[in-house]
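Let's take a walk through a protein together, stopping at a few spots along the way. Please keep the sequence and the 3D view side by side as you read.

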Amino acid sequence: MLDLDPTVIHDIDRADDVRTALADQIRDTIQSPTACGTVRVGVPVPGPMRPIDWVRAQPSSEAVYWSGRDEDRTVAACGAADVVSGSAAPVDYGALGRALDERLDEAGPGVRYYGGMRFDAGQPMAQGRPDRRWAPFGTYRFVLPRFELVETDGALRLVCTLVLPRDADRADEIIGALGAAALPGPSDHTALPRPRRRQDVPGDEEWTDMVRWALDAIDGGALDKVVLARRVALSLGASMDPLLVLSHLEPATPECYHFAVRPANGAAFVGASPERLFRRDGRTLVSEAVAGTRPRGETEREDEALRNELLRSPKERREHAFVRDAIQDDLARVCSTVRVPEETGELALARRRHLHARVTGTLQPDTATADVLKALHPTPAVCGVPTADAAAAIRAQEPFDRGWYAGPVGWVGRDAAEFAVGLRAGLVEETQIALFSGAGIVEGSAPGREWKEIEQKIGDFAAIMGVSDPRMASRQSS
């Protein structure tokens, strides 16, 4: 007979107590004659445990992770109690809003649908779009998780969401899934495999041609700004858990939104975005204008010099003004009042900084969250100005499918919502990570400088994989 360490026995007993307590609540709720609509039941979980480690250990392939930039609430989730999704484009925002509002009408404050949307959700699909790896994500996909491990103010709670009366006949199935859930999650910090090969799409020459095309369009008055992106595919020596990537990325990128979206039987979209698209609390709306980039300095003196260079750069300030003014105009379509600061500030992160302005507004009555998504997405920070012309240029010039990169990623509740812009992100599938990053092209841009800026932006992923310089010797262009 195997002798177990007393600590292991204690952990097993503790996990069984948690599962039993939650299973009892699930049965009681389903059997209650008054229970209806979307109902959350939960029990406290003795810590310590990282939510990202917990969700990594779950058998369900459907997974979500969300940690807000300014919110002391982290959610790791698996399984699906409900899904609102669509694969057609352009998106019918009215239908999306009605679908979410109908489900959230009687929901409590903790009920959230997590998900996001394609960058080019407003345009018809074309050949090769979506790329097969993006197909499971759809044009948009929002999941109401079945099980969540929620960390708030350092306390953990395991939650099950029931949709009644639909789940009334699924008690055994739901409790069976709960019984298979791992508690506690692993606490190891397994190293990530090092990349063996790199492929740039576009390569150096094609990138230079793209930027020069954009500068000609700007010089001719067809565009004011366009954001062109690159995909950097890193091939690994072994298959890798996408959530393990995020577990390394999160501590390396403070002051960011951290997210993972993994549809059942698909790749995972993971990232650490510095940029808020918007946050809604009732009728109060907050958005951000973010543009322009400089690295952080290695010394205090160098850091201050780079800060001043960013704040005083005519090219960067021009790029930021396009973003700020467009967001102000877009919010005016859904808000009764919009407020923009007089001075441009900075968003200082661990490895880089950006020009930043906080834009606030008061929503018009009866405005759905989907209406705000329609008004703001895509912003000039990830698309360009004019928006429709820049989006058409991106589709014509970029030789890959952005998928959810630069699209909204976040959650929707009954009277609240928050979305980050899906930046500093990658699509992880088995033995490959596809990293995406872009640069705003305006008058004064130079192909080489914009290439270097993108290299800096993908540096967070490169660093956690033990690659000090993302330009590996084995780099190949498309």
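The tour below goes from single residues to rings, helices and a few unusual backbone spots. Keep in mind that this is a predicted model.

Let's begin with T139, which sits in the loop between β5 (113-117) and β6 (140-144). Is T139 buried or exposed? Its relative accessible area is 0%, and because buried means under 20%, T139 counts as buried. If you set aside its neighbours within four places in sequence, T139 is in contact with G86, S87, A88, A89, V91, G116, M117, R118, A121, M125 and W404. One of these deserves a closer look: the side chain of T139 reaches the backbone oxygen of A88 at 3.0 Å.

Now move to F137, which lies in the loop between β5 and β6 as well. The model contains 11 aromatic pairs. One of them joins F137 and W404 in an edge-to-face arrangement, with 5.2 Å centre to centre and 65° between the planes. W404 belongs to the loop between α10 (387-397) and β19 (408-412), so this pair ties together parts that are 267 residues apart in sequence. Both F137 and W404 are buried. These two rings also have company, for W134, F137, F259, F269, F400, W404, Y405 and F436 form one aromatic cluster.

A second aromatic pair takes us elsewhere. W207 and W451 are edge-to-face too, with 6.5 Å centre to centre and 70° between the planes. Which parts of the chain does this pair tie together? W207 lies in helix α5 (residues 204-219) and W451 in helix α11 (residues 447-457), so the pair connects parts that are 244 residues apart in sequence. W207 is buried at a relative accessible area of 1%, and W451 also counts as buried, at 9%. The ring of W451 has another partner: R230 lies over its face, at 3.5 Å from the ring centre. You can find a similar arrangement at F119, where R402 lies over the face of the ring at 4.3 Å from the ring centre.

Let's look at how the two helices that carry those tryptophans meet. Two packed helices are described by the angle between their axes and the distance between the axes. For α5 and α11, the angle is about 115° and the axes are 9 Å apart. The crossing of α5 past α11 is right-handed. Where do the helices meet? On the α5 side you will find D204, W207, T208, V211 and R212, and they meet P447, E450, W451 and I454 of α11. An α-helix has 3.6 residues a turn, so residues three or four places apart point the same way. Try finding W207 and V211 in α5, both of which take part in this meeting.

Another helix to visit is α9 (residues 369-376), where 6 of the 8 residues are buried, so this helix is largely enclosed by the rest of the structure. Its buried residues are T369, A370, V372, L373, A375 and L376.

From there, turn to C335 in strand β15 (residues 335-339). C335 counts as buried, at 5% relative accessibility. Although C335 and Q364 are 29 residues apart in sequence, their C-alpha atoms are 5.0 Å apart in space. Not counting residues up to four places away in sequence, C335 touches L285, G361, T362, L363 and Q364.

Our last stops concern the backbone. A cis peptide bond joins A89 and P90, with omega at about 5°, and P90 lies in the loop between β4 (82-86) and α3 (93-104). Another cis peptide bond joins V201 and P202, with omega at about 0°. P202 is in the loop between β9 (195-201) and α5.

Finally, compare two residues with positive phi. A406 has a phi of about 70° although it is not a glycine, and it lies in the loop between α10 and β19. Phi of E430, also not a glycine, is near 55°, and E430 is found in the loop between β21 (425-429) and β22 (432-441). Which of the two is buried and which is exposed? A406 counts as buried at 2% relative accessibility, whereas E430 counts as exposed at 55%.

Conventions:
Residues numbered from 1 in each chain as written. Predicted model: local features only at pLDDT ≥ 70, side-chain atom pairs only at ≥ 80, totals over all residues. Heavy atoms only, no water. Helix = DSSP H or I, 4+ residues; strand = E, 2+ residues; numbered from the N terminus. Buried < 20%, exposed > 50% of the residue type's maximum accessible area, 1.4 Å probe, protein only. Polar contact = N/O pair within 3.5 Å; in protein donor to acceptor, adjacent residues only side chain to side chain. Contact = heavy atoms within 4.5 Å. Phe/Tyr/Trp six-rings, centres within 6.5 Å; stacked < 30°, edge-to-face > 60°. Lys NZ or Arg CZ within 6 Å of the ring centre and 35° of its normal. Axes fitted to C-alpha atoms, helices over the stretch in contact; angles between N-to-C directions. Left-handed = near helix turned anticlockwise from the far one by under 90°.
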